[in-house]
Amino acid sequence: MSILEFEHVSYQYPGEGFDIIDDLSFSVEPGSFHCIIGVSGCGKSTIFRMTNGLLQPKSGVIRVGGKAIGEQKHYCGYMPQKDLLFPWRTVGENLALPLEIMGGHSKAERRELIDAALADVGLAGCRDKMPEELSGGMRQRAAFARTMLTGSDLLLLDEPFSALDFLTRISMQEWLLAQWEKHKKTILFITHDVEEAIFLSGSVLAVTETPIHTLAEIPVPAAYPRTRACLTRPDMVALREDLIGVLRRQVQS
Amino acid sequence: MRNANKGNLPALIFLFALLFLWQLGAMEVNAAYILPTPLQILQRLWELRGPLFTVHLPATMAVTGIGLLISIGLGLLLAVSMDWSPLLQKCLYPVVVASQTIPTTAIAPLFVLWFGYGIWSKVLVTVLITFFPITITVYDGFRAAKLEMAELLLTYGASKRDIFLKIKVPCALPYFFSAIKMAIPMSIIGAAIGEWLGSQSGLGYFSRRMMTQLDGAGVFAPIVLLSAVAMLVVALVGLLENKAVKWRGES
């Protein structure tokens, strides 16, 4: 059974004359890691914003875990491009946000969960620091820990590393793969960086046209666990060039 | 803290230079009934210390304090209502702005007719002047809250109340303190204007009485006192602010 399912979903932005998402159907297997890749403004973030309930589809059904999303809460964890750590809260208090809002935990339980989550992302001892004291990579890891604390099996990560410098970005990619292998979550990851997409994904979901009718599923030949060495294999290089070609056609047209 | 103190010496020198120029200019003019020197004012302040500190300062502070408290309450209430409901915002905002076009000094004698010579006509003048900056500044503070942060909380299943308490209130807090610091001198001015127009006590009343006696230094003495009190209270609020707002101006 698929964990996420789009069935004939359409979406139109108010004031626009066409559906940016037009009769889109696709599904995602539990425990998989997919990157959705596409040029800027193609509508890939719209797919996320409908999945997490910030936007309502014009027509069609979105199911998570087999149930329509309108009937459930707390079914996905969403991490936007900016880390959005609240500057007036300590790192620990930031991680407490999803727990506070979902309720059902005592203060002591919250504290335990937060300490465990911070240790998990390598930020043990940062609980009482303010976000501004952390580096860009550390902030993203804190934001990831906060997303994990939503307790959802489906994680939607919208270009989380795009604001980081190159070296931090590649180490965060390796770190994220390790987290995924450890926690067995399903991850959908939006990016416009082709190399990032093929390094992370089991298969890439490419947006080949706007409006979006389909997502082209392109399997990545390398097996997990991966190291960056796999990116230099001839089949991976060929895949990268293919994908770049697909995206460039859209920019030119 | 050390950095903050570094600029103090030049600032003090500048202040004394200004006072010195005033002293020289006033001595040149030599007409204390219209332009007293700073030293004459200080001297008069000392001579009048009895009635100023025991009768008139407490009277003005009572008006200022009550007026400021009402203004904070009213300002916050208006700001929260306007943020809560776009309809209320549409209804209230023009009224709030219109209230500031009232020439308070012209209409204040009416307040005296409505509420008498007691404290409440002066409190009304104070509130009318003071609630506006609080309302507008705090409302702007609520609106400065980032939409993206609210959206993030919405994906956690947050209610409107969660978003208000967890994002809007902390975002508006620095604005709230700026509003208070603006409101303090304005409330003192409001109280003084109220007293000037009709009262039996208070520093505004006292200043006016000295005016009728052509006592220039006596006019200025209560004003100096008012400024000193305003600076003191603003400094106290600044200390409180440093304790309450640990973050500022970050992306």
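This tour of a predicted model moves from a sheet in chain A to a helix at the boundary with chain B.

**The sheet.** Begin by selecting strands β2, β1, β4 and β5 of chain A, which form an open, antiparallel sheet in that order. Colour β2 (21-28) and β5 (67-68) of chain A separately: these strands stand at the edges with a single partner strand each, so one side of each has no neighbour in the sheet.

Next, isolate β1 (residues 4-11) and β4 (residues 59-64) of chain A, where the antiparallel pairing extends over five bridges. Within this pair, A:L4 is found opposite A:V64 of β4(A). Now add helix α1 (residues 44-51) of chain A, which packs on the sheet and touches β1, β2 and β4 of chain A. The direction of α1 makes about 115° with that of β1(A).

**The contact between chains.** Display both chains and select the residues in contact: 19 from chain A and 15 from chain B. On the chain A side, helix α2 (residues 91-102) gives the most, with four residues. Colouring that side of chain A by class shows twelve nonpolar, four polar and three charged residues.

**Helix α2 of chain A.** Which residues of α2(A) are buried? Select A:V91, A:N94, A:L95, A:A96, A:L97, A:P98 and A:L99 to see them. Then show what covers these buried residues: the cover includes α3 (107-120) and α4 (136-148) of chain A, together with α8 (147-155) of chain B. Finish at A:G103, just after α2(A), where phi is positive at about 75°.

Methods: Residues numbered from 1 in each chain as written. Chains lettered and ligands numbered in written order. Predicted model: local features only at pLDDT ≥ 70, side-chain atom pairs only at ≥ 80, totals over all residues. Contact = placed C-beta atoms within 7 Å. Helix = DSSP H or I, 4+ residues; strand = E, 2+ residues; numbered from the N terminus. Nonpolar A, V, L, I, M, F, W, Y, C, P; charged D, E, K, R; others polar. Pairing = 2+ DSSP bridges. Axes fitted to C-alpha atoms, helices over the stretch in contact; angles between N-to-C directions. Buried ≥ 20, exposed ≤ 12 C-beta atoms within 10 Å, placed from the backbone.
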